[in-house]
Protein chains: 2
Amino acid sequence: MTRIRFQQSLDELKEKLLVMAGMAEQAIQRSVEAYRTRDLTICDLVDHGELAINRLEREVDQMALDLLAMEQPMAVDLRFILAVIKINADIERVGDSAQSISDRVRALIELPIAEMPIDIPRMASLAEAMVRRALQAFIEADASVAESVLSMDDTVDRLNQAAYFTLLNVMKTQPDVAPQALSALVISRTLERVADHATNIAEDVIFWVRGADVRHHSLISESHQP
Amino acid sequence: MTRIRFQQSLDELKEKLLVMAGMAEQAIQRSVEAYRTRDLTICDLVDHGELAINRLEREVDQMALDLLAMEQPMAVDLRFILAVIKINADIERVGDSAQSISDRVRALIELPIAEMPIDIPRMASLAEAMVRRALQAFIEADASVAESVLSMDDTVDRLNQAAYFTLLNVMKTQPDVAPQALSALVISRTLERVADHATNIAEDVIFWVRGADVRHHSLISESHQP
């Protein structure tokens with residue numbers, strides 16, 4: 001494989017990872033839309049998407065493995081490929097999170113409607129924004145963008161904490177809607193996990209970019225900067 | 001680096017991962033012991049252990065990266081190193097789970113004692129057994145042991161489901177102890193996540209052993225079997 005072919009393969013690997021990330025992000029959006037509208041057909045979409053995400057995860061891993069096996073990548077490319085392998089695992093788990101919200105929505109639809117005084121869509125859009133920004137940091141090989149993701153995580157943690165106490169209060173004062181409150185709480189915690197995955201992705205980007213910066217500054221600007 | 005030196009380095013990598021895994025397992029045991037005995041000093045031990053686990057995670061990643069960078073590992077060794085990198089991430093998250101149980105115990109200790117009709121220690125020992133067996137599969141490069149971990153996961157899922165409905169009922173009928181019930185529920189879900197990490201580890205072992213089996217059967221029995 002020539003250097004140019006190898007570079008093309010790295011770009012393809014990145015491309016595939018980003019397609020998968022877009023699907024995972026959409027899955028979260030859909031699962032929260034299903035929560036908001038109590039729409040089972042959207043749950044079905046999430047479930048189908050999950051299968052596709054899992055398939056892509058395996059393809060990305062295999063591509064990464066093949067590139068490592070066939071080539072002797074330089075340190076900078078090696079760190080890039082390892083970052084892809086780690087980010088891949090986190091994106092797949094964002095997909096799992098969407099699936100678990102969708103499962104919860106299916107259970108909720110069986111119960112009477114009970115408005116909960118917490119803002120799930122807001123938490124979701126923050127968590128999605130974190131995933132998006134972590135991927136932007138990845139695309140642009142920009143550690144400072146990745147760092148901004150880490151600070152956003154505190155906001156999501158705070159919202160999740162606040163949701164916990166709000167819903168606990170609902171359970172104490174209106175025990176008849178405890179099941180609905182508990183489901184809202186599980187969804188809130190799941191979104192907090194999505195934010196954790198975004199944080200992990202951001203940390204992997206920092207590991208990759210910083211390592212590359214320190215060791216091979218000229219190479220990285222040549223091969224991975226946009 | 002000679003082949004023998006390289007083999008020694010792989011063994012050291014494996015050794016370090018196993019030390020870390022032992023610490024993560026102990027952290028889960030301790031966090032559940034803290035829950036059982038309401039003992040803050042055990043929570044402190046978990047918190048200290050968490051720092052050590054995070055340090056080891058970085059060391060394992062760096063060792064793996066160095067081995068990939070300095071050598072041109074054959075496919076079988078490559079798959080092994082990639083499995084280590086993936087297992088490493090899951091073990092670190094088992095440590096995180098212990099930390100989050102410990103945080104929950106700290107909150108619980110502030111509240112009056114309320115016995116909950118679920119068996120947290122039993123769930124914990126099942127989840128720990130899964131982690132231990134997944135690592136045994138890794139040590140012995142045995143895909144069938146890894147597969148037995150996957151079926152154990154169903155039991156933990158069932159226990160977690162049952163705990164959910166039991167604790168929901170507590171919240172409905174005794175709203176005054178809703179905070180304690182909710183904490184128990186969060187701990188139950190956290191243990192279910194530990195089981196998920198064990199499952200991920202088992203899947204990585206299968207990926208490594210099967211791939212190795214198919215591609216380089218004679219090499220693997222020479223280099224990675226105990």
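How many residues of chain A are in contact with chain B, and how many of chain B with chain A? Keep that in mind while you look through these close-ups of a predicted model.

**View 1. Where chain A meets chain B.** Here's the count: 18 residues of chain A are in contact with 18 residues of chain B. On the chain A side, α2 (40-70), α3 (75-109), α5 (143-173) and α6 (178-223) each chip in at least two residues. The largest share comes from α3(A), with seven residues. Sort the chain A side by residue type and you get 14 nonpolar, one polar and three charged.

**View 2. How the two copies are related.** Two copies of a chain are related by a rotation about an axis and a shift along it. In this model, turning chain A by 180° with 0.0 Å of shift along the axis lays it on chain B, with an RMSD of 0.0 Å. That's the relation of a two-fold axis. Both copies use the same surface, too: 100% of the contact residues of chain A recur in chain B.

**View 3. Two helices packing inside chain B.** Now zoom in on α1 (residues 3-37) and α4 (residues 120-140) of chain B, which pack at an angle of about 175° with their axes 10 Å apart. Because of that angle, α1(B) is roughly antiparallel to α4(B).

**View 4. Who touches whom between α1(B) and α4(B).** On the α1(B) side, look for residues including B:L18, B:A21, B:I28 and B:Y35. Across from them, α4(B) offers residues including B:I120, B:P121, B:V131 and B:L135. Overall, the residues of this contact split into eleven nonpolar, one polar and four charged.

Terms used
Residues are numbered from 1 along each chain as its sequence is written. Chains are lettered from A and ligands numbered from 1 in the order in which they are written. This is a predicted model: local features need pLDDT of at least 70, side-chain atom pairs count only at pLDDT 80 or more; totals for chains, interfaces and linings use all residues. Two residues are in contact if their C-beta atoms, placed from the backbone, lie within 7 Å. Helices (H or I, at least four residues) and strands (E, at least two) are DSSP runs, numbered from the N terminus. Ala, Val, Leu, Ile, Met, Phe, Trp, Tyr, Cys and Pro count as nonpolar, Asp, Glu, Lys and Arg as charged, and the others, Gly among them, as polar. Copies are superposed by least squares on the C-alpha atoms of residues with pLDDT of at least 70 in both. Axes are lines fitted to C-alpha atoms, for helices over the stretch in contact, and angles run from 0 to 180 degrees between N-to-C directions. Angles under 35 degrees count as roughly parallel, over 145 as roughly antiparallel, 65 to 115 as roughly perpendicular and the rest as oblique.
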